[in-house]
Amino acid sequence: MSVGTGATRRDLVRVAGAQGFWGDDLEAPIRQVEGGPVDYLMLDYLAEVTMSVLRKLKARDPSAGYARDFVPLMERIFPICVERGIRVLANAGGVNPGGCADDVIEAGRAAGVAGKARIGLVTGDDLTDRLEDLIAAGHELAHMETGRPLADILGSVRSANVYLGAEPIVRALGLGADVVVTGRCADAALTYAPMIHEFGWSFDDIDLLASGVVAGHINECGAQSTGGNCLADWWEIPDLATVGFPIVEARPDGSFTVTKHPGSGGRVTRASVTEQIVYEIGDPRAYVTPDVVADFTSVRLTDEGPDRVGVHGVRGRPPTELYKVSVAYSAGWKAVGTLTYSWPDAAAKARAADVVLRERLDRLGLAFDDVRTELVGWNSTHGALAGEPSAETPEVQLRVGVRGTDRAAVDRFTREVSPLVLTGPPTVTGYGGGRPRVQEIMAFWPALVRKDAVDPHVEVAVRDV
Amino acid sequence: MTKIQLVHLAHARSGDKGNTANVGVIAYDAEAYHLLAERLTAERVKSHFGSIVKGEVERYELPNLGALNFLLHGALDGGGTVSLMNDAQGKVLSTAILRMEIDVPEEVAAAARGRGRVPPGWTPPERRRSGG
């Protein structure tokens, strides 16, 4: 590794998806680097909620604030990545990408690859400390759905990060980075940045970039494209214990094949890939990323044999002048309590207990923005579509949640659940977990910001291990 | 014409964007897609979900994938981190839509019957031993 700078030219680039969120299968990246040939490993750690959690951690400990799992993982896989020339891209940096990069360098030294690898660091996505200046300069950061200006809740904001595009990642690869650590970026960019770098695509090659975006969308949720959480004929999908994570085999013309390592579990079919393509999309003709607006109605899938699905024909439109910003802000408190009621008439008992609980909350004068009751085992997944429960239903779990701005009220609620065991309807159990936990609600404020307010702050640094 | 549950004609996956859930419905074959594209209107889906979906239902077509994408606005009690729902991210609304019944020709219903559900008598496979 670390010999080349500048773009290279190959006919095929294999980008392996290895984490779909922080908390995903820890062994998956190992299986991806050991199970067969790959060129790049991409790890997506950042769900929306993750950034605010990381910011909370960093407030307590300035060295924290990134996906810690990434460091021991790199220590494990550094030698094989160096030996095989596998480059790693991860948004593990969270709200502290610099600290993450420092610790990855330490991990590299501990793994014995000092002098044999370079670490790239992308920063500039974090707007948290710039919000006041941006608002003063006329950037409203209005809520994308409600249109409310961010100034209304500025005091409650905990984090604000831009979804950066592939350009700084490509720059880091061009500078010879073998591991690229980013904070917030478009998840898909971790997959298509290597294609831009390897194939020499330009940011004006709109259809090629759109292909890369579709590849990234298929790669970014880990095994969700290779048989995990796949509804179609799920009982026939083999060996999920050792499920193979996706590998995108990309070609310079933008076409690619979705596959997984031979011998791994799971299954790659048009059905498994299609389920992932439609996952968390809005208007399929306009899948907006920082680099291109991809048209998912142009995607063509072909069967290329067992566990191989070809993708081609993807079209796109030029990107907008705006980046998406994800702002996390404190929006009160919540808690959820549960109790389990048994046959006979389990649902009737649970409903009666809910009435008792709510009357007690009223009598205590506790005010909440919302109190929600669901019966797990009956209506907590499909609501009223589940119809009426049978009196013979073996058991149901009463699940009551409250939320509001008064933390003391939410805290008092957590003390009102277990008394129902001795003071409410009969045959109840399942209170062993203790009192419910009060959680601060981190709400999300999606907004847009002009790219020219962000780009001058984006920096790329590359250092030796 | 006869009524059949959507679960026999299509599979689905759902997820969230804020307080909106998206449900992608994927037909098992081209014939089923044409039926769904014709009959699974935004209005019908809105009416199926009733009070579960507080806002509008938008529908998009992906004929290239034999799929329809529905956006269910206001279905998640405020969305991922705010919501008090067990399914705060709408992960299983995919199967809620598959409860719908639609009218299809008899022969389509006959061919589809049983599809999409675990076959009778199926049992989970034996656990494999590591190294085995």
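**Exercise 1. Determine in which strand A:L89 is found, and whether this residue is buried or exposed.**

Solution. In this predicted model, A:L89 belongs to strand β3 of chain A, which covers residues 87-90. The next step is to count the neighbours: 29 other C-beta atoms lie within 10 Å of A:L89. A residue is buried if that count is 20 or more. A:L89 is therefore buried.

**Exercise 2. State which residues A:L89 is in contact with, once its neighbours within four places in sequence are left aside.**

Solution. The contacts of A:L89 are A:Y40, A:M42, A:I169, A:V180, A:L190 and A:A193. Take one of them, A:I169, as an illustration. In sequence, A:L89 and A:I169 are 80 residues apart. In space, their C-alpha atoms are 8.3 Å apart. For chain A as a whole, consider the contacts with a separation of 6 or more: 77% of them are between residues 24 or more positions apart.

**Exercise 3. Describe the sheet that contains β9, β10 and β13 of chain A, and name the helix that packs on it.**

Solution. Begin with the order of the strands. The sheet is open, has 3 strands, and runs β9-β10-β13 with antiparallel pairing. Next, find the edges: β9 (287-288) and β13 (315-317) of chain A each pair on one side only. Then examine one pairing in detail. Strand β10 of chain A, residues 293-295, is joined to β9(A) by 2 bridges, and A:V288 stands opposite A:V293 in β10(A). Finally, helix α8 of chain A, residues 206-219, packs on the sheet and touches β9, β10 and β13 of chain A. The direction of α8(A) makes about 110 degrees with that of β13(A).

**Exercise 4. Characterise the overall build of chain A: how many helices and strands does it have, and how does its radius of gyration relate to the globule rule?**

Solution. Chain A contains 12 helices and 19 strands. Its radius of gyration is 25 Å, and the globule rule gives 23 Å for 465 residues; the two values are close, so chain A is as compact as a globular protein of that length. Along the principal axes, its C-alpha atoms fill a box of roughly 70 × 55 × 45 Å. Of the 465 residues, 50% are buried. The domain assignment divides the chain into domain 1 (13-125 + 163-320) and domain 2 (327-445). Taken over C-alpha atoms, the centres of these two domains of chain A are 39 Å apart.

**Exercise 5. Analyse the side of chain A that touches chain B: which element gives the most residues, and how are the residues divided by class?**

Solution. First, count both sides: 45 residues of chain A are in contact with 36 residues of chain B. Several elements of chain A supply at least two residues each, among them α2 (48-60), α9 (270-277), β14 (322-342) and β18 (439-450). The most come from β18(A), with 5 residues. By class, this side of chain A has 24 nonpolar, 9 polar and 12 charged residues.

One of these elements, α2(A), also has buried residues: A:T50, A:M51, A:S52, A:L54 and A:R55. Their cover includes β5 (157-162), β14 and β18 of chain A.

**Exercise 6. Give the pattern of helices and strands along chain B.**

Solution. Chain B has 4 helices and 6 strands. Read along the sequence, they follow the pattern β-β-β-α-α-β-β-α-β-α. The C-alpha trace spans about 50 × 45 × 25 Å along the principal axes of chain B. Of its 132 residues, 48% count as buried.

How values were computed. Residues numbered from 1 in each chain as written. Chains lettered and ligands numbered in written order. Predicted model: local features only at pLDDT ≥ 70, side-chain atom pairs only at ≥ 80, totals over all residues. Rg over C-alpha atoms; globule rule 2.2 N^0.38 Å. Buried ≥ 20, exposed ≤ 12 C-beta atoms within 10 Å, placed from the backbone. Contact = placed C-beta atoms within 7 Å. Nonpolar A, V, L, I, M, F, W, Y, C, P; charged D, E, K, R; others polar. Domains from an automatic or database assignment. Pairing = 2+ DSSP bridges. Axes fitted to C-alpha atoms, helices over the stretch in contact; angles between N-to-C directions.
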